[in-house]
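User: Please take a close look at one part of this protein, the aromatic cluster and the surface around it, and set it in the context of the whole chain.

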Amino acid sequence: MASTHQIYKLMIIAILFLSFTLTSLAENAELASVPQCKSGPHASFCNNSKESTKLKIIAIFSILVASIIGVSLPLFTQGVPALGPDRDLFVIVKALASGVILATGYMHVLPDSFYDLNSPCLPRNPWKKFPFTTFIAMLSALMTLMVDSYAMSWHKKRMLKSQANVVETLENGSKELEKENGVIAADREDAKSQLIRHQVIAQVLELGIVVHSVVIGLAMGASDNKCTIRSLIAALCFHQLFEGMGLGGCILQAQYGKKTSWTMGFFFSVTTPLGIVLGMLLQTVYSPTSPTALIVVGVLNACSAGLLNYMALVDLLGADFLGPKLQGNMKLQTMAYVAVFLGAGGMSLMAKWA
């Protein structure tokens, strides 16, 4: 577990380093001064500092409550047998939340990155001569696969070493007893390997969600457009509620201790509100249409999109739908697919307003 936390910390440091590096590199793009980059098209009607501040305060508390409810629901049901991870209802709810996460990557984060990195506020060379968004998203998905793979390999190698030190040949035992012990050990190994898998999934998924949450919070906090903020509040509450349920389900399956589980839930809940507060504090110096902001936010969104899409398709939907529980129950599989389409459809519909 110590190494997994180290990997988690290293990934966060790498993202922060990437942000600062991109900020310095983006200084070369400041020469692109397009008139529409300085004032929005609805500045006369929608831009209202006093009204937008009120809406931001409402958004901070609304999103915080929705996030807490979403991530806490699976954790509170830990002591309810009917809602345990091995029950059908849990599988359906997790499928719904996975659909929301999938649509978040494809319908919200990826288009935002396209919009930022293809903005007229950026110079034509190189931003309009190469599809940076899809390239960065592809690299992000591959990097997520590498982290996923190496983390699992390290844990398995560590587990095999510990077993080699413990297992000893029984001198006077019968062959049947030795064989029985081998079967029990194999079952324990499979269970432990699956548990480690869930722990890696929970940590990598939270990383992708946290990055995206800070970015959208920062954009909302720095905006004075009351029309945009008003529509974002409902959309982000829905988004955080069901995304939190998906993350909470992964944390529950990872079987962390109470301290670790609630710490991860806490960080998920506060990232978007903190992003809004940070955006409000930096409002005088932060311009969402500046070349520096567009490049940094666009690249981070592309990274987040690649990570979320990989996690949703491979670690959440793929692992569940190709697993023995759903493969052995066609009725449950059909209900889970309906839940996925409902979650993805509802989140896709939100793209109309946010």
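Analyst: The protein in this predicted model has 11 helices and 0 strands, and, read along the sequence, it follows the pattern α-α-α-α-α-α-α-α-α-α-α. Of its 354 residues, 45% count as buried. With that frame in place, the part to look at closely is a group of aromatic side chains.

W127, F130, F132 and F135 form one aromatic cluster. A pair of aromatic rings is described by the distance of the centres and the angle of the planes, and by that rule the count for the protein comes to 7 aromatic pairs. One of them joins W127 and F132, whose ring centres are 4.8 Å apart and whose planes meet at 45 degrees, so that this pair is classed as tilted, the label for angles that are neither under 30 degrees nor over 60. Another joins F130 and F135, where the centres are 5.4 Å apart and the planes stand at 75 degrees, which makes the pair edge-to-face because the angle is over 60 degrees.

The members of the cluster can also be read by their accessibility. W127 has 13% relative accessibility and therefore counts as buried, the limit for that class being under 20%. F130, at 38%, counts as partly exposed, and F135, at 35%, likewise counts as partly exposed. The edge-to-face pair of F130 and F135 is thus made by two partly exposed residues, because their values of 38% and 35% lie between the limits of 20% and 50%.

F130 and F135 also belong to a nonpolar surface patch, which they make together with M138, L139, L142 and L145, and which has an area of about 520 Å². Within this patch, L139 lies in helix 5, which covers residues 132-166, and L139 counts as partly exposed because its relative accessibility is 38%. F130 and F135 therefore take part both in the aromatic cluster and in the nonpolar patch, each of them being partly exposed.

Just before the cluster in residue numbering, the backbone has a feature that deserves a careful look in the viewer. The peptide bond from N125 to P126 is cis, with omega near 10 degrees, and P126 is found in helix 4, which covers residues 124-127. W127, the buried member of the cluster described above, falls within the residue range given for helix 4.

Some points elsewhere in the chain help to complete the picture. H108, in helix 3 (residues 88-117), counts as buried because its relative accessibility is 9%, and its side chain reaches the backbone oxygen of M347 at 2.8 Å. Q255, in the loop between helix 7 (226-254) and helix 8 (258-281), has a positive phi of about 55 degrees although it is not a glycine; at 58% relative accessibility, Q255 counts as exposed.

As for cysteines, the count comes to 0 disulfides. Among the cysteines, C237 is buried, with a relative accessible area of 16%, whereas C303 is partly exposed, with a relative accessible area of 22%.

To return to the part in question, W127, F130, F132 and F135 form one cluster, in which W127 and F132 make a tilted pair and F130 and F135 an edge-to-face pair, and F130 and F135 also contribute to the nonpolar patch of about 520 Å².

Terms used
Residues are numbered from 1 along each chain as its sequence is written. This is a predicted model: local features need pLDDT of at least 70, side-chain atom pairs count only at pLDDT 80 or more; totals for chains, interfaces and linings use all residues. Side-chain values use heavy atoms; hydrogens and water are left out. Patches are made of residues with over 30% relative accessible area and no salt bridge: like charges are joined within 9 Å, nonpolar side chains (Val, Leu, Ile, Met, Phe, Trp, Tyr) within 5 Å. Accessible areas come from the Shrake-Rupley method with a 1.4 Å probe; for residues, only the protein chains shown count as cover. A salt bridge is a side-chain nitrogen of Lys or Arg within 4 Å of a carboxyl oxygen of Asp or Glu. Helices (H or I, at least four residues) and strands (E, at least two) are DSSP runs, numbered from the N terminus. Buried means under 20% relative accessible area, exposed over 50%, partly exposed in between (1.4 Å probe, protein chains only). Rings of Phe, Tyr and Trp (its six-membered ring) pair if their centres lie within 6.5 Å; planes under 30 degrees apart count as stacked, over 60 as edge-to-face and the rest as tilted. A polar contact is a pair of N or O atoms within 3.5 Å; within protein, one must be able to donate a hydrogen and the other to accept it, and residues adjacent in sequence count only if both atoms are side-chain atoms. A disulfide is a pair of cysteine sulfur atoms within 2.5 Å.
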